[in-house]
2 protein chains.
Amino acid sequence: MTRKASTSALKENEGISPREMTNVNAISKIRARRKKQKSTQEIVTAILSGNMTALSQAITLVESKNPKHLEQANAIIKQCLPHANQSVRIGITGVPGVGKSTFIEAFGTYLTGIEKKVAVLAVDPSSSITKGSILGDKTRMEDLVKNENAFIRPSPSGTSLGGVARKTRETIILCEAAGFDTIIIETVGVGQSETAVHSMVDFFLLLKLAGAGDELQGIKRGIIEMADMIAINKADGENLKSAKLAKVEFNRALHLYPIKASEWQPKVITCSAIKKEGMEAVYTIISDYLKLTVDNSYFYKKRNEQNKFWLLQTIEDRLKSEFFNRINIKKELEKQLNLVENNETTPFVAAEYLLGIKD
Amino acid sequence: MTRKASTSALKENEGISPREMTNVNAISKIRARRKKQKSTQEIVTAILSGNMTALSQAITLVESKNPKHLEQANAIIKQCLPHANQSVRIGITGVPGVGKSTFIEAFGTYLTGIEKKVAVLAVDPSSSITKGSILGDKTRMEDLVKNENAFIRPSPSGTSLGGVARKTRETIILCEAAGFDTIIIETVGVGQSETAVHSMVDFFLLLKLAGAGDELQGIKRGIIEMADMIAINKADGENLKSAKLAKVEFNRALHLYPIKASEWQPKVITCSAIKKEGMEAVYTIISDYLKLTVDNSYFYKKRNEQNKFWLLQTIEDRLKSEFFNRINIKKELEKQLNLVENNETTPFVAAEYLLGIKD
């Protein structure tokens, strides 16, 4: 490489020629990568036309920890909002081993067979790549994962339920904008995650197993009361008889509860997800529920209340975390808890003391 | 009245004599009143010796809105704390008409008959003098009110459950320091008050009526799960048969729930408070519960957790009320809720906006 002789009066020594680039394709690669980073408008347009790649990209932005990504995610969601909310959101819970994945595989396949578009999400705050989230092992949903009218997304990672719930709520909006009319949200039968899922779905389905009395252990207290339907799974072969008995018992128990604000009387059915039996019955019950609650306006009222709940909950979570993460509060809280434990102060006096601490 | 001639160089005109006092007894009256305002130490000593007047005075200080009174109340409670906690705290709930007052009259009388000292308190945030609190009408507890081993105090007034709960928690301590070994806390079967009471008692008793299916309406969801015992009241005369049936049904329903952390299997009994039948059975069950939970340490663990709960709850309540009472937040919250309702923003974006408002 030779330079053109300088026409300037300033003399410049001839330099060393730069090395040949080690990767001759680098520039075109960088250009291609830049091109792949679509604009907000491009992503929104693609989502609204049902493009799955754009949907996945937007969800990745929602799940990112990069503030710039979150800013773009918020802009995308804002533009998707007018196209969202046209769906039924179904929460599914049950203890490990009850057959949630198999059930979703069977139910989701049934739904796509009747022209529904199904998005399957998960809320599992304990999940991480190494621990393996409940939807992480997509091989348990072999058919659904290949189905072009289904979209499966594992739980976003994160240790805080609040964070996971937020990401899932926003992912619901993106999926709805992409044309999914049935959103299934799976959660594990432990901890507070059911309550969070219950606060983001229209219909709450509890999966159970047949068996004697103690089959109910391991289900968190209060879950039965949340359920709009209990489906007793694995009702096949030798289990059939006990499943039918369990159905009678649960029906009796559910009638002991007060009538729900939805005016819906929770239903109990038996099914066998592995044999794909009972899926139509599940769908019929959900349709009945939708008809009732759309007619009596509870459907819309509940969604409004859920929105209000998440607004207030987000604020409360933040106020708490800001307070309890203050270094001086962390130090003093432990001391005050000890004083309370030893009956040297009351919880209220201790609280006043902590609230009075200035940093 | 004549003045002594001034010895000062400054001349002072002779003033007008003050009027004779219109009430010649005022000074002695004020002195008497001051004398009645006992010192903290006097009140504590009197409480510890079981003086009911001092106990009532201290509770009045706890319930006062005067900051000086509250300061004195805190000082009294602090000195009472080492003498408190020697009791069993029993929560009682049930819908209006189930016979709570009659039950407490019968059960309290039974307890004093076996040498117990019984304090009856109430948590009813809706109560006020005009509305009439659940324990306001003491005539429904004719015997107990005259019983020298019983102490009855209606719900403190106040519209906030948090405030009422706090006052009741502190009153429990005062009653225990005064030697009451059985604290009964009554609450109405509506709203959040059961949850508050559940968080301050060792044992939770749900009163119910016999009858077909719908007798359970009107009981808040989740209450059955909280109960350590369900007593089906008015099990007499024509009701006896249906009460026994209800007992079978509830027993079945309770067995569907997971085992409690206390390892206690909730019991169902029938009783007739008006005929004073079943009171010994109630007492025996509570004694069994105490034996189990003291032996397995759950009793102490639960009290510790309750203390921790109230400490954190008090802080959370205050953080929330301070935030939401800010004038700019009040203004903007309504707007943001409307935007969320019209799908123009998400609950999370709205929350971020509100959290970012500086006054």
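Visitor: How many residue pairs are in polar contact across the interface of chain A and chain B?
Guide: The rule finds 8 such pairs, both residues at pLDDT 80 or more. A polar contact here is a pair of N or O atoms within 3.5 Å; within protein, one must be able to donate a hydrogen and the other to accept it, and residues adjacent in sequence count only if both atoms are side-chain atoms.

Visitor: And which helices of chain A supply the side that touches chain B?
Guide: Helices H4 (67-80), H7 (161-177), H9 (223-226), H10 (240-255), H12 (298-324), H13 (327-341) and H14 (347-355) of chain A each supply at least two residues. H12(A) gives the largest share, 14 residues. By class, that side of chain A has 28 nonpolar, 11 polar and 16 charged residues. Nonpolar covers Ala, Val, Leu, Ile, Met, Phe, Trp, Tyr, Cys and Pro; charged covers Asp, Glu, Lys and Arg; the others, Gly among them, are polar. Helices (H or I, at least four residues) and strands (E, at least two) are DSSP runs, numbered from the N terminus.

Visitor: Before I go on, what kind of model is this?
Guide: A predicted one: local features need pLDDT of at least 70, side-chain atom pairs count only at pLDDT 80 or more, and totals for chains, interfaces and linings use all residues. As for bookkeeping, residues are numbered from 1 along each chain as its sequence is written, chains are lettered from A and ligands numbered from 1 in the order in which they are written, and side-chain values use heavy atoms, with hydrogens and water left out.

Visitor: OK, how many residues are in contact between the chains?
Guide: 55 residues of chain A are in contact with 56 residues of chain B, where contact means heavy atoms within 4.5 Å. The area buried between the chains is about 5,600 Å², and carbon and sulfur atoms give 67% of that. Buried area is the accessible area (1.4 Å probe) that two parts lose on being put together, summed over both.

Visitor: What rotation superposes chain A on chain B?
Guide: A rotation of 180°, with 0.1 Å of shift along its axis, and the RMSD is 0.4 Å. The two copies are thus related as by a two-fold rotation axis. In chain A, the C-alpha nearest the axis belongs to Ala253(A), 2.6 Å from it. The fit is by least squares on the C-alpha atoms of residues with pLDDT of at least 70 in both copies. Also, 100% of the interface residues of chain A are interface residues in chain B too, so the copies meet through the same surface.

Visitor: How many salt bridges are there between chain A and chain B?
Guide: The count is 6, with a salt bridge being a side-chain nitrogen of Lys or Arg within 4 Å of a carboxyl oxygen of Asp or Glu. Over all chains, the search finds 22.

Visitor: What does Glu352(A) pair with?
Guide: Glu352(A) forms a salt bridge with Arg166(B), the closest N and O atoms being 3.4 Å apart. Glu352(A) lies in helix H14 of chain A and Arg166(B) in helix H7 (residues 161-177) of chain B, so the pair joins two chains. Glu352(A) is partly exposed, at 32% relative accessibility. By cut-off, buried is under 20% relative accessible area, exposed is over 50%, and partly exposed is in between (1.4 Å probe, protein chains only).

Visitor: And which residue does Glu352(B) meet?
Guide: Arg166(A), again in a salt bridge, at 3.4 Å, N to O. Glu352(B) belongs to a network of salt bridges with Arg166(A), Glu170(A), Arg318(A) and Glu322(A).

Visitor: Switching to within a chain: which partner does Arg89(B) have?
Guide: Arg89(B) forms a salt bridge with Glu176(B), closest N and O 2.7 Å apart. Arg89(B) sits in strand E1 (residues 88-94) of chain B and Glu176(B) in helix H7 of chain B, so the pair ties together parts that are 87 residues apart in sequence. Arg89(B) and Glu176(B) are both buried.

Visitor: Last one: is Ile232(B) buried or exposed?
Guide: Buried, at 0% relative accessibility. Ile232(B) lies in strand E6 (residues 229-233) of chain B. Beyond its neighbours within four places in sequence, its contacts include Leu209(B), Phe250(B) and Val268(B).
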